[in-house]
Every structure is written in C-alpha cells, then in structure tokens.
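Good morning. I will go through one structure today, starting with confidence and then moving to the fold.

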Amino acid sequence: MLDYMDYVVKAFEKQTNWSPDNSYENITATSRSLLNFSIPQSFKFQTSNKSTNHSFNTLELNRGKKINGSLTYLYTDVEGLDSVLQGSNEIALQDATETYRNIQPSFNKHHIPHWGLPSQNDVLQFPPKFIPRSLYLGRLYYPSSVLEAMLIKRLSPYTQLTVKCISSTVRGSNLNYWTLSWQRYKEQNCHEWILSSNDGLCGYRFLHNVITSPSKFNNSLYNNSSLAVGAEFWLSLGSLNPGCSTSLRYCTHSANTGRPLTLTFTWNPLFGHVMSTYSAKTSANSTFTTKYDFNLYSTESNLSFGCEFWKSAGSIEVASNENVINGVAAIPHNEKMDQELLSLNDISTETNITVQDESIKEFTDHQQKYLYDLTKTFESSLQQIDKERSIIEDFENKFNNKQFSSVWKFSTSLMNKNLKILWEGKFKGFLLSAGTELLFKKDDNGIQPIINPSSKFGVKIQYSS
Amino acid sequence: MNFLPSFILSDESKERFTRIFNLTHTVAHYGWIPFVLYLGWSQSSNRPNLLNLLSPLPSV
C-alpha cells in the first residue's frame with residue numbers, strides 16, 4: 001500500500017503535469033510493482049491528516065522488537081490538491097496501491113499544460129503561465145532522531161529539481177547523505193543528472209519515446225502503443241566504479257480485447273545481465289507478469305512469476321477524472337482523440353456539412369461525386385478506428401471506474417524458492433495490508449514451507465482524513 | 001614561526017570550519033521541520049493554530 005506522503009507526491013506530479021513514467025527509473029515499474037512488492041515487516045500503524053490545503057502530516061508507529069516510528073510534515077504550494085486527494089474512506093483501492101501502469105503514448109496526451117490550478121493572486125492567462133511549484137517534506141524518525149528531507153521544485157515547464165537528504169546528529173554517525181537530481185523532459189526525451197554525496201556517485205539517465213505520432217500499423221488502424229528506449233550511466237568518484245544499463249519498453253493493447261500489455265528488455269553490459277519481462281492485464285480483475293533473468297558470463301538464470309487478483313466491491317461507481325492518480329484517468333471518449341484523428345474526423349465532418357450545405361448547388365457534378373467518394377472512403381476507416389479506440393478505452397475505464405474491496409498479490413521466484421503473499425484492502429475506512437514470505441527449504445522430510453525469518457508476518461493499518 | 005603556504009589551512013582555521021559546519025548542520029537538522037510547518041502556516045489564509053498544524057490526528 002502506498003504511504004500517504006507518496007500519494008501526495010503523486011498528486012503533486014499530476015497537478016504539475018509531470019509524468020514519472022517518462023523517467024528511466026520507472027521503465028520497469030510495472031513488473032517491479034507486481035514482483036517486488038513490499039511486505040509489512042511488523043505491526044505498523046499510520047495516521048495522516050490534512051491540516052490546511054497545503055500542509056499534510058503523518059504519524060507512524062512500528063511495533064517490532066521495540067516501538068519506533070516517524071513523524072512527517074509536508075508542504076506544497078500547488079493548488080487544487082483537495083480535489084484530487086481523498087481520505088482512506090473514499091479513496092479507490094487502485095489509487096492507493098502500486099499496480100499495473102497503463103502507459104499512454106506521448107502523442108495521446110493533452111498538449112495544453114496545466115501547472116496546477118491558479119491561486120487567487122495569480123492572473124489568469126491562456127496558455128497558462130508557468131508557476132514554479134514546489135514541495136517540501138520533512139520526516140523525523142524516533143527514537144533515532146534521523147531526519148529525512150526532500151525538496152521537489154519545478155524550475156521550468158520542462159525541468160524539475162529533486163533534492164533528498166538524510167541527516168543524523170548522533171556523534172560518530174555516518175548517516176549524512178544528500179542526493180540531487182535534475183530532470184528535463186522535452187521533445188520526447190527525458191534527461192536526468194544525478195549527484196550523490198554517497199561515495200561521490202554521479203549518474204546520467206536518458207529515456208527517449210520512439211513513437212511520436214499515431215502512425216498506422218498494418219494490423220491495427222488505431223495505434224495506442226508506445227515504445228521507449230533508455231540508458232543509464234553511473235560513476236563513483238570515490239572508488240571509480242562504473243555502472244551502466246540500457247532498457248527498452250513496449251506497451252500496447254490487444255486490438256480485439258483492448259487489454260494492455262507491457263514488454264521490457266534490460267541489458268547490463270558490464271555484468272552481462274539480461275532481464276526481460278512480460279506483463280499483461282488479462283482482465284479487469286487480474287494481472288500477470290513474468291520475468292526472466294539471465295547472466296551471460298555465469299549462465300545463471302532465474303524465472304519469476306507474479307500475479308494480482310482484485311476483488312470488486314460489487315457495485316460499479318463512476319469515478320471523476322480528477323480523482324484518478326495511479327492509473328490513467330477515465331478521459332471521456334471525445335476528449336481523448338489525438339491530433340491526427342481529430343483532423344481526420346474534421347475532414348469527414350466538414351465533408352458531411354458541405355454535402356448538406358446549400359452552397360453544394362454551386363459545385364459541379366464531378367466535384368459532388370468526388371466529395372461523396374471521399375466521405376465513403378473514410379467512413380469505414382473512421383468507424384474501424386472508433387471501434388478499436390472504444391474497445392481499448394472501455395477496458396481502461398472498466399478498471400479505473402470499478403470499486404474494489406481488496407487485492408491479493410502473489411510472487412514467486414524459481415531460484416529463491418519463495419512465495420510472497422500480500423493482501424491489501426479497505427475495511428471500515430481503514431486501508432489494511434498484510435503479508436508474509438514463505439521459503440521452501442529442503443530437509444530430511446522433503447520440501448517444507450517455512451516463513452522467512454527476516455520478513456515474518458506483518459500488518460499495516462492506514463487511516464487518513 | 002612556521003609559515004604555511006596559503007592553500008594549507010592552519011589547525012585553528014580547520015577547527016573553526018568544522019565548528020561552523022557542525023553548527024549549520026545542527027540548525028538545518030532541527031530547523032527543517034519548523035520551516036516546513038511555517039511555510040504551511042504562512043501560506044494558508046485561515047492561519048491555523050499550532051496544535052492543528054502539528055497534530056497528525058484527524059481533526060474533529
């Protein structure tokens with residue numbers, strides 16, 4: 001389950017029109033959320049509150065071997081968060097947890113930027129004037145008094161700066177690090193420069209969205225697929241250790257059923273590690289993923305499976321577009337047309353109007369016939385495009401608008417011989433998550449499942465107002 | 001008296017820098033959360049009281 005502050009940070013990114021899916025860091029986010037989901041380690045209770053429209057706070061208590069916890073305060077100057085953020089009673093479960101990321105192609109997004117709703121003092125302009133919004137977060141852990149600080153600042157319409165720090169005042173403690181990340185997304189390219197005080201780590205990440213226009217494939221008239229390629233390069237200035245990897249992500253939909261699927265391929269040339277994943281949303285209630293790891297040098301391999309099953313609450317509730325943060329917003333059919341389709345439709349509409357117009361009388365028979373043929377020619381294609389688009393959008397809306405009560409997540413790996421189980425759900429206004437990890441060990445009596453001693457069994461309860 | 005090259009700091013200067021760095025670190029460590037709270041307080045029109053701002057418990 002997402003922490004409340006992560007939920008606020010997501011809402012901040014949505015309101016400032018910043019898509020985290022364009023970052024190389026999140027290129028394998030779907031398979032990561034389905035395979036490497038975090039399991040509560042102990043009993044954890046979180047209560048969150050919105051003290052003003054711009055301030056949020058969270059108290060967390062952990063009951064492990066001893067009681068510890070944290071106190072978090074967040075401030076952001078972005079407007080309109082109250083319309084997006086919801087308490088644990090109203091929030092849709094698919095927004096409160098990490099799940100399949102339905103990635104929209106870059107050409108299919110709205111081109112009019114919205115930098116958050118303007119405040120009372122801002123002068124309304126069109127196109128909207130860029131306002132450098134920011135987010136400040138401070139988290140104090142106790143009893144250790146370790147401070148975690150974060151600052152996110154939108155410097156320009158295309159750039160974002162993120163500074164994260166960990167600080168400890170305990171004498172002799174080396175837990176003092178900072179990380180600086182500068183991201184720039186423009187013209188389908190996302191560049192990210194990272195600098196960290198931990199061993200002088202420098203990094204550069206790059207992601208390029210290859211498909212930039214809704215070109216027509218042979219097998220599908222309506223193209224909603226996206227292809228992204230990226231790479232990352234790291235160098236530790238302290239030990240001069242290099243690191244790099246390169247990845248590819250392809251997201252598309254089944255033309256007949258509208259179900260989304262994602263394929264990724266990652267290659268680390270230094271370690272010879274190859275990883276490929278395939279994730280598919282098989283129905284509105286289930287998602288499956290598989291990952292295959294292979295090392296070219298040691299020829300070691302690993303196969304992992306993950307799945308999640310959503311239990312619907314029974315009734316179907318139509319969520320408003322503004323409230324969807326995690327998934328893709330249920331954008332109405334007409335608003336989601338991309339530029340080319342709009343222009344195609346415009347041609348058809350204009351043609352129809354022209355045919356019915358009185359001025360048609362002025363045209364010659366030849367011109368009338370030409371216009372009629374043009375309309376007829378485009379009609380079947382447009383109908384086919386509309387059909388495919390509506391199948392894909394219906395499937396997306398079916399998931400986004402559904403009210404779920406709980407989700408089961410399972411993940412297993414052949415090499416580690418483990419089974420991770422996680423249940424997340426809503427109960428009387430609380431968000432609950434419970435899970436454990438089973439290890440299958442071989443002894444004299446055969447293979448016996450035991451609970452992983454490092455993770456045990458944990459329960460997490462969250463409440464937010 | 002020993003003359004040191006200009007780029008080598010004397011022990012006193014090193015100690016002074018360390019003290020200033022430690023002081024800045026302590027101020028930033030304990031001042032960050034009050035600073036976040038002050039931003040939230042100053043930017044809201046109704047100016048909530050300190051208890052409302054600090055309390056993570058849902059307000060009745």
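The term pLDDT is the predictor's confidence in each residue, on a scale from 0 to 100. We need it at once, since what you see is a predicted model. Chain A averages a pLDDT of 82, and 81% of the residues score at least 70. In chain A, where is confidence lowest, and where is it highest? The lowest is helix 5 of chain A, residues 339–356, with a mean of 43. The highest is strand 14 of chain A, residues 286–295, at 96. Two stretches of chain A have a pLDDT below 50: residues 318–323 and residues 327–356. Beyond near neighbours in sequence, the stretch 318–323 has 13 contacts in the model, and the stretch 327–356 has 43. Where pLDDT is low, the predicted coordinates should not be read in detail.

Chain B averages a pLDDT of 83, with 87% of the residues scoring at least 70. For the complex, the predictor gives an ipTM of 0.85 and a pTM of 0.81.

Now chain B itself. Its secondary structure comes to two helices and zero strands. Chain B has 60 residues, of which 10% count as buried.

How many residues of chain B are in contact with chain A? There are 19 of them, and they meet 23 residues of chain A. On the chain B side, helix 1 (11–43) and helix 2 (50–54) are the elements that give two or more residues. Helix 1 of chain B supplies the largest share, ten residues. By type, the chain B side divides into ten nonpolar, nine polar and no charged residues.

Next, helix 1 of chain A, residues 4–15. Its length can be checked by hand. At 1.5 Å a residue, the twelve residues should span 16 Å, because the expected span is 1.5 Å times one less than the number of residues. The end C-alpha atoms are 16 Å apart, so the model agrees with the expected value.

Is this helix mostly covered or mostly open? Mostly covered: nine of its twelve residues are buried. Among them are Tyr4(A), Met5(A), Val8(A), Phe12(A) and Gln15(A). Helix 1 of chain A is followed by Asn17(A), which has a positive phi near 60°.

That brings us to the interior. The largest nonpolar core has 36 residues. Those with the most contacts inside this core are Val8(A), Phe12(A), Leu74(A), Leu135(A) and Val36(B). The elements that each supply at least two residues include helix 1, strand 3 (67–76) and strand 16 (402–413) of chain A, as well as helix 1 of chain B. Helix 1 of chain A gives the largest share, seven residues. Leaving out residues up to four places away in sequence, Val8(A) touches Phe56(A), Leu74(A) and Leu85(A). A second, separate core of six residues includes Tyr24(A), Ile27(A), Tyr185(A) and Ala228(A).

On to the strands. Strand 9 (residues 201–209) and strand 10 (residues 226–236) of chain A run antiparallel and are joined by nine bridges. In this pair, Gly203(A) stands opposite Trp234(A) of strand 10. Strand 10 of chain A is also joined to strand 11 (residues 242–253) of chain A, again antiparallel, by ten bridges. Here Val229(A) stands opposite Leu248(A) of strand 11. The hairpin of strands 10 and 11 of chain A has five residues between the strands.

Last, some backbone details. Most residues other than glycine have a negative phi, and most peptide bonds are trans. In the hairpin loop just mentioned, Leu240(A) has a positive phi near 55°. Why does Leu240(A) count as exposed? Leu240(A) has 9 other C-beta atoms within 10 Å, and exposed means 12 or fewer.

Asp199(A) is not a glycine either, and its phi is positive, about 60°. Asp199(A) is found in the loop between strand 8 (189–196) and strand 9 of chain A. With 12 C-beta neighbours inside 10 Å, Asp199(A) also counts as exposed.

Which peptide bond is cis? The one from Tyr142(A) to Pro143(A), with omega near 10°. Pro143(A) lies in the loop between strand 4 and strand 5 of chain A.

That is the end of my part.

Notes: Residues numbered from 1 in each chain as written. Chains lettered and ligands numbered in written order. Predicted model: local features only at pLDDT ≥ 70, side-chain atom pairs only at ≥ 80, totals over all residues. Pairing = 2+ DSSP bridges. Helix = DSSP H or I, 4+ residues; strand = E, 2+ residues; numbered from the N terminus. Contact = placed C-beta atoms within 7 Å. Nonpolar A, V, L, I, M, F, W, Y, C, P; charged D, E, K, R; others polar. Buried ≥ 20, exposed ≤ 12 C-beta atoms within 10 Å, placed from the backbone. Core = buried A, V, L, I, M, F, W, Y, C linked by C-beta atoms within 7 Å.
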